Amino acid sequence: MRCNTKELQKNRNLNKIIIAGLVIVAIICRILGKVSSRYIYIIAGVLRTLIYIGLYIGWGISINKRVVQKAAKNTLLFISGLMIFWFIVRSIKYFFAMDVNVERYSWYSYYLPMLFIPQAAVQMAVLLGQPEEYTLPKWSKLLYIPTTLCSLLVLTNDFHQLVFSFSAGEVWTDKGYSYAWGYYIVLLWDVICAVSAFVLMVYKCRSSRRKKYLPIIGICISIIYAIIYASGAEWMQVIGGDITAALCLMFMCIFESCLHCGLIQTNTGYEQLFEVCTMGAQITDQDYHVIYTSANAMKLSEMVMREAEKEEVRIDKKTMIKNRPIQGGHILWQEDIEDIMMLLDRLEENRKTIEESNCLEQENYQTKAKIYMLREKNRLYDKLQTQTAGQIGLLNELLIRYEEEEDLAESRRLLAKISLIGTYIKRYGNLIFIGEREAVSDIAELGACLEESFSSLRLMGIECALTAPAGERIYVRDAVRIYSFFESILEACVDSIKFMWVKIRPCGEEMVFCMEVESEDDLNSFFDKTDQGENEDGIWKFTFTIKKAGEK
């Protein structure tokens, strides 16, 4: 069973067929409404509207799940909301409005999505192909000014009739009006935004490495449709005469093609990545039914899987199967122990033949050295796991809370905490490994640890600053002690920290480490771990004095 790729592709194809079927049903409803009675016209029109609204709601939910880049996600959700709003006011005008004023203002409201969708399309085109952390430049926000002014010009038309003018003595509806100069300003801005968005999209498609022709095809279809619609072709008026539905569908298809060809980053494709990974692994459910498997994973019986849950199972001379529980099931992977077994076998052979030849003694020594190197690596990892056991437990707790959390703001804060704990474990491990090789390190290593932790704190809105000299050297043991104290302070009061400032400065033959924290929590218990501690108006100050490297 290979990662259920075929089944996943089958589900995707089924979704595409369902969407195409719904669009065809909507087109049939339009045709029926054209040739049937008023009653059928209303039923078919409402059903068609519900189909399109459902499609755009589903698309918005899909965007929220798939798109990684925050700015791109928000822009696409904004466009999806405008499409839904467009269909709602359109339905109110044609099927529910009982008052001529409501009908007229519903008509005016068309111009909100008609203006803001092209403007948002320009912003979306700017975001295409950009990295995850990229945000819209400040100049792009200036686009809201003319768009908003044009919207207000339309919505206030009753007071000045600068967009649509109505004849005196007649009812003001869209059945009898003429265009004023304001309409052409609105139309010009709409055309400028649409053309700019299309040009940017075509330009950005050059940088896509796969299927870059898809967005261009969608753009070309949109242009061809607009030309045919403007020509007044009778068959187009019957099939695609609803320009609202047609343009919204085409915009959705264009942006979906940008997702498909990689111009907009998504968090999909993990199944294929797992399948091609070099580690022989497979993921099962609780009953040991294989859900995902990598390409080089061997087929295992259910009995072997269950035995591996209790202890490691040796399949043959060179393969060991391990099993660990995960949420919703288990993950099993195979480890190649051929090298270790070969070393042990060689050691055994050397032990038996050492009396016959002195030359074998050197070979035996080299084999032991390799085994010692492997054991030393295991010792270092065990040491790291032991010294960071508290943080590993806290990290597991935060991950469980994140999986259960439904509030978006709290989920983001939990992610920031997870990043903070993960950063500490990684950087603390680096310091331990450096300390195993040498006793002295550049102070920049400690500064890098603190700066990476600060990057996680800034995700939580906490202001941080670091001041450290360059070129100074300190003992690694002092760096480990300071970074460990720094982490204990964060874990004690991270939810109440407002700002943190760390200053490191040389003082003669010593280095002074000073940390200032603004927090409402009581941190008096940490004073005993420092050389000097004080609190003034909620500002906690902790000071260490350490020797420069080389000083006794």
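**Exercise 1. Find the bridge partner of Ile326 in E7, then place the pair in its sheet.**

Step 1. In strand E7, Ile326 has Gly329 as its bridge partner. Helices (H or I, at least four residues) and strands (E, at least two) are DSSP runs, numbered from the N terminus.

Step 2. Take the two strands. E6 covers residues 319-326 and E7 covers residues 329-336. They pair in the antiparallel sense over eight bridges. Two strands count as paired if DSSP finds at least two bridges between them.

Step 3. Widen the view. The open sheet has five strands in the order E4-E3-E7-E6-E5, with antiparallel pairing. Strand E4 (290-293) and strand E5 (313-316) each have a single partner strand, so one side of each is left without a neighbour in the sheet. From one strand to the next, the twist averages 25°.

Step 4. Add the helix. Helix H13 (residues 302-310) lies across E3 (281-285), E4, E5, E6 and E7. Contact here means heavy atoms within 4.5 Å. H13 runs at about 75° to E6. Axes are lines fitted to C-alpha atoms, for helices over the stretch in contact, and angles run from 0 to 180 degrees between N-to-C directions.

A note on the model. It is predicted: local features need pLDDT of at least 70, side-chain atom pairs count only at pLDDT 80 or more, and totals for chains, interfaces and linings use all residues. Residues are numbered from 1 along each chain as its sequence is written, and side-chain values use heavy atoms, with hydrogens and water left out.

**Exercise 2. Describe the open sheet with the order E9-E11-E12-E14-E13 and the helices that pack on it.**

Step 1. This sheet has five strands, and its pairing is mixed. Strands E9 (463-467) and E13 (532-536) stand at the edges. Each has a single partner strand, so one side of each lacks a neighbour in the sheet. Neighbouring strands are turned by 15° against each other on average, direction ignored.

Step 2. Inspect one pairing. E12 (residues 510-518) and E14 (residues 539-547) run antiparallel and are joined by nine bridges. Within E14, Ile546 is the bridge partner of Met511.

Step 3. Place the helices. H18 lies across E9, E11 (499-507) and E12, at about 170° to E9. H19 (residues 476-493) packs on the sheet and touches E11, E12 and E14. The direction of H19 makes about 170° with that of E14.

**Exercise 3. Count the salt bridges and examine three of them.**

Step 1. Apply the rule: a side-chain nitrogen of Lys or Arg within 4 Å of a carboxyl oxygen of Asp or Glu. The count comes to 12 salt bridges.

Step 2. Start with Arg401 and Glu410. Their closest N and O atoms are 3.9 Å apart. Relative accessible area is 34% for Arg401 and 26% for Glu410. Arg401 is partly exposed, and so is Glu410. The classes are: buried under 20% relative accessible area, exposed over 50%, partly exposed in between (1.4 Å probe, protein chains only).

Step 3. Move to Arg427 and Glu452, which meet at 2.7 Å, N to O. This pair links distant parts of the chain, 25 residues apart: Arg427 in H17 (residues 408-437) and Glu452 in H18 (residues 443-459). Arg427 is buried, at 16%.

Step 4. Check Arg458 and Glu451. This salt bridge spans 3.9 Å, N to O. Arg458 is partly exposed at 40%. Glu451 is partly exposed at 33%.

Step 5. Look for shared partners. Such salt bridges join Lys426, Arg427, Glu445 and Glu452 into one network.

**Exercise 4. Which residues make the nonpolar surface patch, and which helix gives the most to it?**

Step 1. The patch is made by Tyr177, Tyr179, Tyr184, Leu187, Val191, Val195 and Val199. Members have over 30% relative accessible area and no salt bridge, and nonpolar side chains (Val, Leu, Ile, Met, Phe, Trp, Tyr) are joined within 5 Å.

Step 2. The patch area is about 620 Å². Accessible areas come from the Shrake-Rupley method with a 1.4 Å probe; for residues, only the protein chains shown count as cover.

Step 3. Helix H8 (residues 181-204) gives the most, with five residues. Val199 is found in H8. It is exposed, at 52%.

**Exercise 5. Summarise the chain: how many helices and strands, and how much is buried?**

Step 1. The chain holds 19 helices and 14 strands.

Step 2. Of its 552 residues, 41% are buried.

Step 3. The chain exposes about 30,900 Å², with carbon and sulfur atoms supplying 59% of it.

Methods:
Patch = residues over 30% accessible without salt bridge, like charges linked within 9 Å, V, L, I, M, F, W, Y side chains within 5 Å.
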